[in-house]
2 protein chains.
Amino acid sequence: MKKTMLALAALPLLATTTPAHADDRLTGDALAAAADRALTDDTLAWDFVEGITTEVGPRQAGTEAEKRGRDWAVAWLRANGFANVADEPFQMETWVPGELHRAEIVSPFPQPLVIQPLGGSASTGPDGIVAEVVEFENVAALAAAPQGSLQGKIAYISHSMTPTQDGSQYGFAGPARWIGAGLAKSKGAIATVIKSVGTDYHRNPHVGGTTFRNPDGSSDVGRAVPTPAGALSLPDAANLERMFDRANGRPITMKLTLTPRNLGTTTSGNVVGEIVGRDPSLPPVLVACHIDSWWNAPGAFDDGAGCGIVAAAARNVGEAGQPLRTIRVLMAGAEEVGLFGSVAYSKAHIDEKIGVGLESDFGADRIWRFESNFRDTNPDLHARLAASIARFGVADSTIRASGGADINISRDQGGAIIDLQQDGTRYFDLHHTPDDTLDKIDPVQLRQNVAVWTQVVGILANEAEPIEGAPKID
Amino acid sequence: MKKTMLALAALPLLATTTPAHADDRLTGDALAAAADRALTDDTLAWDFVEGITTEVGPRQAGTEAEKRGRDWAVAWLRANGFANVADEPFQMETWVPGELHRAEIVSPFPQPLVIQPLGGSASTGPDGIVAEVVEFENVAALAAAPQGSLQGKIAYISHSMTPTQDGSQYGFAGPARWIGAGLAKSKGAIATVIKSVGTDYHRNPHVGGTTFRNPDGSSDVGRAVPTPAGALSLPDAANLERMFDRANGRPITMKLTLTPRNLGTTTSGNVVGEIVGRDPSLPPVLVACHIDSWWNAPGAFDDGAGCGIVAAAARNVGEAGQPLRTIRVLMAGAEEVGLFGSVAYSKAHIDEKIGVGLESDFGADRIWRFESNFRDTNPDLHARLAASIARFGVADSTIRASGGADINISRDQGGAIIDLQQDGTRYFDLHHTPDDTLDKIDPVQLRQNVAVWTQVVGILANEAEPIEGAPKID
């Protein structure tokens, strides 16, 4: 696919110049044709995600690998005709997973289980820790355990997740990962092991950050040392649960060895680039994704594809004709570990009004539903957008868009937001697991994303009237 | 499922005693009813495979884990009414995978790849080796490389495998693993990395043994030190191949760290047990599987399921009535690393004539085809068997059965062999990979296996006439 990038880079770079002629202006017909072409022919999104997963690979926030990812994206944006390309740095506290990730059942059924550390996990030290495992079916059961009852024990949370198209099970099962370890620690546990908050059945744990904050609102953040915390793959979790069934009351003892470490303060950054519009006085269209990935995969679904989609769509619009508004691409750094890039971007740019924000950060499967937060305030614009993408199989919706991790600035400004909902049925088979690799991307569905995004971003970028979000609901 | 075993263990153990009454004799009707019950109700095969994968887990040949597996199987056979249960020891040279399994691209695209060592691989030492990688599309291309041309290099073999129902692609793609490393070494390579000889797309390499024997017949076995050799998962292999495409001729340099080691001579063993027949003078029916697994998985498909199937079928026949011939279960040790158990069994028992041999060692998916090597010599028996299992969806076949790894004795004696071919379409998604876990077994298909085996083994065990294989074809 590398030929694509070179071929496109050799085309006249219409979007970076301010055309002197009305002929260069983006028209509705040219835009629709560009979106239709993307559906069948787009190779630019694939080129991005193939390139970054192959030439960079995993790019954990705050590390030199993320820096290589940002450098790669800067070069790619420039080679593909984006203007005002930059890497805007910010500082962060950086955690890395270390080398040893082991969970071994010591008794009564000795065998290794596949585990990976959760982001923020403490180290057990290279010699590991040995303790009895106590099982809880979910966070509520753990919360009900008496204070001190887990003294010296390893808590295990077995909450299962099922796939859903809208990904809503993540909110249901996610607390096991997000707060389980902190909660277990508050009961005396010396470590926490969870069933992966994922839906695949391969020996690839689903990782992600955990926090040592309690569900009652009290927080350990900033004052307490975390405990070791890891996720078992689903087959390993099922095995552990069968061990409880077969142990006849005998204790299950585990040796846990996780050696993450903190690097202290390092630099991350947000990569930005623009397709410059005809009227710089109009607030831009912000299209966002994130450039970092977890350490255990090259981040194809999460979020190489998203960056490829938003960049390809912006580029397609610029190729079709110069839009009225500028389209700004934001590839946020350090999303996975706490939305640090998105927060830093909002802080740095809060006084620069955004017209409307959209992000792509839910994989590469097809877009099935359109949502905005201006259905009531700008019904004509909402309706026009929804109608424009019906031909790509995208349903309209009355659900109020709330945006994702990478567009904090739009929420902070109380601005307009669009969600182009992707099919999440298999997202949690891949998200945050080693299996988030390029081969999982369906090129046909990826192109549908680019087509929908091209159409929507083009209409928004050509919108002369104000675009306003509904009043922020807190 | 543990209740099943306890409940069955409490039943009268008909099969271990020699009934005084003709009423206890196995009849065709009782056998057919037992096979039909197995199709809908069998839980014994599941109990075996759940038990050994949960309570023992991975059981690499010659290690203490395999010993625990044999002990577990001995206890299980006794608890389920088998007679003459024993663990027949033999000595072997034992290789273990060690702790460090890493492949990192050093340049031009630094990132880690997922790798596991092939059985027999040498160690790189804990500090690893760094060398340029040279790609070959298959063993034939590697064989064509000039002598000495790989001096100081790492050979990479990219031969791909596709799924087939009969598993025949394994013979086509397998040589990359079986002889690739030895061949590369003969050209000067200091290590070999292969694309996994498997068909899944998860980050779980497909391992298995390699030999340092050259395809021209010359052999390094016993006189040469092996080189390090490992298998990349398919997504990682695809990534490496994209790197070659994108490197524009720049060398791809890899740091490879594999630390297997040899334990020297250790003890393995063959687990045997019997359903005793009415006439000890008739050669027994041998039903075989293997008890060991690779180190990287609990061996559910390969071959916990097979042992569960053959043992459940033997037990079902015994429960239905005492057969004429003894049914002998052989759970061979050390199959994966060179069929050592099957060879040892044949050597120890070569003078004890086997009536007919069958093995189950191709997963847990449904049986689709019946083969024997006595279609021409015993057409009536072949036809009766084929007809008896047509109701389970098993087709007859003119293919001559050749038997599998665990029934060397039948081949060595030139005896009768039956192959109950299982559907192998997804076998190489799991076989020899970390993903060979219990959750992959479909209980419905497992029960179909038990039903077919019950029917076939029961007819064979009640056969009064001689059962003869066709003359051995060499």
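User: Before we look at the sheet, when do two strands count as paired?

Analyst: Two strands pair if DSSP finds at least two bridges between them. Keep in mind that this is a predicted model. Here, pairing gives an open sheet of seven strands in chain A, in the order β1-β10-β12-β11-β13-β15-β14, and the pairing is mixed.

User: Which strands stand at the edges of that sheet?

Analyst: Look for strands with a single partner. In chain A these are β1 (83–96) and β14 (367–372), so each has one side without a neighbour in the sheet. From one strand to the next, the twist averages 20°.

User: Could we zoom in on one pair? How many bridges join β10 (residues 261–275) of chain A to β12 (residues 327–332) of chain A?

Analyst: Five bridges join them, and the two strands run antiparallel. To follow one of these in the viewer, start at Val271(A), whose bridge partner in β12(A) is Met331(A).

User: Which helices pack on the sheet?

Analyst: Let me give you two, with the strands they touch and their direction relative to β10(A). Helix α4 (residues 64–79) of chain A touches β1, β10 and β12 of chain A, and its direction makes about 10° with that of β10(A). Helix α11 (residues 340–349) of chain A touches β1, β10, β11 (285–290) and β12 of chain A; the angle between its direction and that of β10(A) is about 60°.

User: And helix against helix? At what angle do α3 (residues 44–55) and α10 (residues 300–320) of chain A pack?

Analyst: For a helix pair, read the angle, the axis distance and the handedness together. These two pack at about 140°, with their axes 7 Å apart. The crossing of α3(A) and α10(A) is right-handed.

User: What residues meet there?

Analyst: On the α3(A) side they include Leu44(A), Trp46(A), Phe48(A) and Ile52(A), and on the α10(A) side Gly304(A), Cys307(A), Ile309(A) and Arg315(A) are among them. By class, this contact has 12 nonpolar, three polar and one charged residues.

User: Now the domains. Where does the assignment place them in chain A?

Analyst: A domain may be made of separate stretches of chain, and you can see that here: domain 1 covers 2–94 + 264–461, while domain 2 covers 98–259. The centres of the two, taken over C-alpha atoms, are 34 Å apart.

User: How many residues of each domain are in contact?

Analyst: In chain A, 18 residues of domain 1 are in contact with 19 residues of domain 2. On the domain 1 side, helix α14 (residues 427–430) of chain A gives the most, with three residues. That side divides into six nonpolar, eight polar and four charged residues.

User: Last topic: the two chains. What rotation superposes chain B on chain A?

Analyst: For copies, read the rotation along with the shift on its axis. Here a rotation of 180° with 0.0 Å of shift along its axis does it, at an RMSD of 0.0 Å. The two copies are thus related as by a two-fold rotation axis. In chain B, the C-alpha nearest that axis belongs to His202(B), 3.7 Å from it.

User: Why can we say the copies meet through the same surface?

Analyst: Because 100% of the interface residues of chain B are also interface residues in chain A. The contact takes 24 residues from chain B and 24 residues from chain A. On the chain B side, α3 (44–55) and α9 (234–246) each supply at least two residues. The largest share there, seven residues, comes from α9(B). By class, that side of chain B has eight nonpolar, seven polar and nine charged residues.

Definitions and conventions. Residues numbered from 1 in each chain as written. Chains lettered and ligands numbered in written order. Predicted model: local features only at pLDDT ≥ 70, side-chain atom pairs only at ≥ 80, totals over all residues. Least-squares fit on C-alpha atoms with pLDDT ≥ 70 in both. Contact = placed C-beta atoms within 7 Å. Helix = DSSP H or I, 4+ residues; strand = E, 2+ residues; numbered from the N terminus. Nonpolar A, V, L, I, M, F, W, Y, C, P; charged D, E, K, R; others polar. Domains from an automatic or database assignment. Axes fitted to C-alpha atoms, helices over the stretch in contact; angles between N-to-C directions. Left-handed = near helix turned anticlockwise from the far one by under 90°.
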